[in-house]
Amino acid sequence: MSQHITTKLLHTGTPAFDADTGVAPVNVPTVRTSTVRFANTSAYYDVFKRKKAGERIPSYGRQGMDTHHALQDAINLLEGGNACFLAPSGVAAISLAFLTLVSPGDHVLVVDSVYGPVRKLDESLLQRLGVQLTYYRPDADQAALAALIQPNTRFIYAESPGSLLFEMQDIPALAQLAHQHQLLLVVDNTWGSGYLYRPLQLGADISVVAATKYLAGHSDVMMGATVVRDPALAARMHDTHYALGLTVGADDASLALRGVRTMPVRLAQHQRNAMQVAQFLVGQPGVKRVWYPALPDDPGYALWKRDCFGANGLLSLTLNTTEHAVACRFVDALTLFGIGFSWGGYESLVSLVEPSELAWHSMWRDGNHRLVRLHIGLEDADDLIADLNQALNTAGLLA
Ligand SMILES: *Cc1c(COP(=O)(O)O)cnc(C)c1O
């Protein structure tokens, strides 16, 4: 009988019963260790033989132990992957994907709605390594994209939906185009976190997720994961991961694993709340546009409906003002939304998006109007709506 992923997620990585007492804890213990001990030299040599044959046996702390393995299994289950590499942040997981795939002289196609720090990776490291990036429009058709492919292009880097305007990309079409040209497709899947969206099942080769967001889910962990299906690609990534010395602490792995268990119920509530807030904001005189892919008017709605299993708590709104001071007054008047980056925790957050950041998003359509991104948390939706209403009022945006 095939079980729903929510059920499997709760029963993945369950600790084994103690052979002597027949008792086991519910949760995987937090195994903190910097190194392991071998019983004798024959065990030592045996471990390396079995590792070489592909078994997951730790021989040093950097590779993690039970806690890490249970988390890797849960993320593989969500993403539909075979190998999951943990990294100390989402950005580290992105860098791992790039550094696994590029060599000097290579070229990469990157969507222009990409998470901002990827441009930093480009400017600070990739350019220095002689790797060239070309940014493409998220709505580019096959012919437009094909025209950007060069003989030295190695992969397409997508993010769907984007994390400011939620631009949806046609991942199956991108995968087909990439594979026709012997390229790989890498997708930042932080928005979907493996539960709302499964790029590997839609044809992508690598899925990257910031576990900092919904996977850990409580704003108390920084972590990233890079997930692949193909064993040869996993072997390449393993070597790069090893060379970079990437590792995460057992306590953080334990917190992320705890978060993953409840992610489906949290996401369902984030979505319910965000939809109610979005419906309140649509048609408010102070709001020019609401960006949320689950709204039928959103440009990404058709692809979202086809490829996603739900939406999350992230939405943006274009305020009906071009004045920085008015936007600041709105943000400052909010009482239930913390002003801050990031998202995916239980709490509501607001961030005022800088026009300079919107400038490189080709799907941005509201000129000099100010964009505010909200993460709708798990508070009561009516309270969040009342807070937004009074803040619009205070900012003079209701007139
Ligand atoms: C937050 C985020 C990241 C980076 O995660 P960190 O853990 O903060 O480094 C990457 N991609 C997207 C889409 C994000 O929102």
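**Close-up views of the predicted model**

**View 1. Ligand surroundings.** An oxygen atom of the ligand is 3.4 Å from a polar side-chain atom of W343, a polar contact being a pair of N or O atoms within 3.5 Å. D188 places a polar side-chain atom 2.7 Å from a ligand nitrogen atom. At V91, a polar backbone atom lies 2.9 Å from an oxygen atom of the ligand. There are 14 residues around the ligand, of which G90, V91, D188, T212 and K213 come nearest; a residue counts if one of its heavy atoms lies within 4 Å. The model is predicted: local features need pLDDT of at least 70 and side-chain atom pairs pLDDT 80 or more, while totals for chains, interfaces and linings use all residues. Residues are numbered from 1 along each chain as its sequence is written, and side-chain values use heavy atoms, without hydrogens and water.

**View 2. The open sheet and helix α12.** The strand order is β8-β9-β12-β11-β10, with mixed pairing; strands are DSSP E runs of at least two residues, helices H or I runs of at least four, and two strands pair if DSSP finds at least two bridges between them. β8 (287–291) and β10 (338–339) are at the edges with a single partner strand each, so one side of each has no neighbour in the sheet. Helix α12 (residues 324–333) packs on the sheet and touches β9 (314–319), β10, β11 and β12, contact meaning heavy atoms within 4.5 Å.

**View 3. Pairing of β11 and β12.** Strands β11 (residues 349–352) and β12 (residues 371–375) run antiparallel and are joined by 4 bridges. L349 stands opposite H375 in β12.

**View 4. Surroundings of F98.** F98 touches V108, V110, V118, L121, L126, L133, F155 and Y157, leaving aside residues up to four places away in sequence.

Methods:
Axes are lines fitted to C-alpha atoms, for helices over the stretch in contact, and angles run from 0 to 180 degrees between N-to-C directions. A polar contact is a pair of N or O atoms within 3.5 Å; within protein, one must be able to donate a hydrogen and the other to accept it, and residues adjacent in sequence count only if both atoms are side-chain atoms.
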